[in-house]
Amino acid sequence: MKKILIGLSLIGLLVGCAQDNILELEGRVAMKGSSPHAYLSIKDMKTQTSYKIQNQAKFDLAKKQNQTVKVKAVLVKEAIGPGFPAVIDVVEVE
């Protein structure tokens with residue numbers, strides 16, 4: 001009985017940790033920065049937080065500049081401060 005409870009606790013912990021990094025964002029896609037350091041970003045409407053999109057070519061998000069889109073993404077790197085936004089990998093575009 002003890003082993004079952006420990007096993008279920010570990011599974012719950014792993015699932016909980018995996019879901020913490022999944023973000024559902026809705027916001028405007030825009031190019032930020034200046035050449036050669038320009039990057040594509042999305043600004044979430046709810047939190048007003050900007051995220052740098054790491055894999056924009058996979059979903060051809062550059063063509064959706066200045067449009068509002070909904071995406072599911074995985075947080076790759078936390079924000080460091082001004083000029084260094086959080087980095088995400090887009091998993092799905094709705």
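**Loop geometry, core and surface charge in a predicted β-rich chain**

Pro36 is located in the loop that joins S1 to S2. In this predicted model, the peptide bond leading from Ser35 into Pro36 adopts the cis form, with omega near 5°. Most peptide bonds are trans, and most residues other than glycine have a negative phi. Departures from the second of these tendencies occur in two further loops. Gln48, in the loop between S2 and S3, is not a glycine yet has a positive phi of about 60°. Asp60, placed in the loop between S3 and S4, likewise is not a glycine and has a positive phi of about 55°.

The protein chain as a whole contains 1 helix and 5 strands, arranged along the sequence in the pattern α-β-β-β-β-β. The chain has 94 residues, of which 23% count as buried.

The largest nonpolar core comprises 15 residues. Within this core, the residues with the most contacts are Leu23, Leu25, Ile42, Tyr51, Ile53, Val71 and Ile88. Two or more residues are given to the core by each of strand S1 (22-32), strand S2 (39-44), strand S3 (50-53), strand S4 (68-77) and S5. The largest share, 4 residues, is that of S4.

The loop between S3 and S4 was examined through two of its residues, Asp60 and Gln65. Asp60 takes part in a salt bridge with Lys63, in which the closest N and O atoms are 3.5 Å apart. Side chains of opposite charge can pair when their charged atoms come close. A search of the whole structure returns 1 salt bridge. The two partners fall into separate accessibility classes: Asp60 counts as partly exposed because its relative accessibility is 36%, whereas Lys63, at 67% relative accessibility, counts as exposed. Asp60 therefore combines a partly exposed position with the positive phi of about 55° described above.

Gln65, in the same loop between S3 and S4, has a relative accessible area of 33% and is therefore partly exposed. Its C-alpha atom is separated by 7.4 Å from that of Arg28, although the two residues are 37 residues apart along the chain.

Charge on the surface was considered next. Glu24, Glu26, Glu92 and Glu94 together form a negative surface patch. Of these residues, Glu92 belongs to strand S5, while Glu94 lies in the segment after that strand, which spans residues 86-93. Glu92 has a relative accessible area of 35% and so is classed as partly exposed; Glu94, with a relative accessibility of 53%, passes the cut-off of over 50% and so counts as exposed. Glu92 also has a spatial neighbour that is separated from it in sequence: Ala73 is 19 residues away along the chain, and the C-alpha atoms of the two residues are 6.9 Å apart.

Note on methods:
Residues are numbered from 1 along each chain as its sequence is written. This is a predicted model: local features need pLDDT of at least 70, side-chain atom pairs count only at pLDDT 80 or more; totals for chains, interfaces and linings use all residues. Side-chain values use heavy atoms; hydrogens and water are left out. Patches are made of residues with over 30% relative accessible area and no salt bridge: like charges are joined within 9 Å, nonpolar side chains (Val, Leu, Ile, Met, Phe, Trp, Tyr) within 5 Å. Accessible areas come from the Shrake-Rupley method with a 1.4 Å probe; for residues, only the protein chains shown count as cover. A salt bridge is a side-chain nitrogen of Lys or Arg within 4 Å of a carboxyl oxygen of Asp or Glu. Lys and Arg count as positive and Asp and Glu as negative; His and the chain ends are not counted. The place of a charge is taken as NZ of Lys, CZ of Arg, CG of Asp or CD of Glu. Buried means under 20% relative accessible area, exposed over 50%, partly exposed in between (1.4 Å probe, protein chains only). A nonpolar core is a set of buried Ala, Val, Leu, Ile, Met, Phe, Trp, Tyr and Cys residues joined through side-chain atoms within 4.5 Å.
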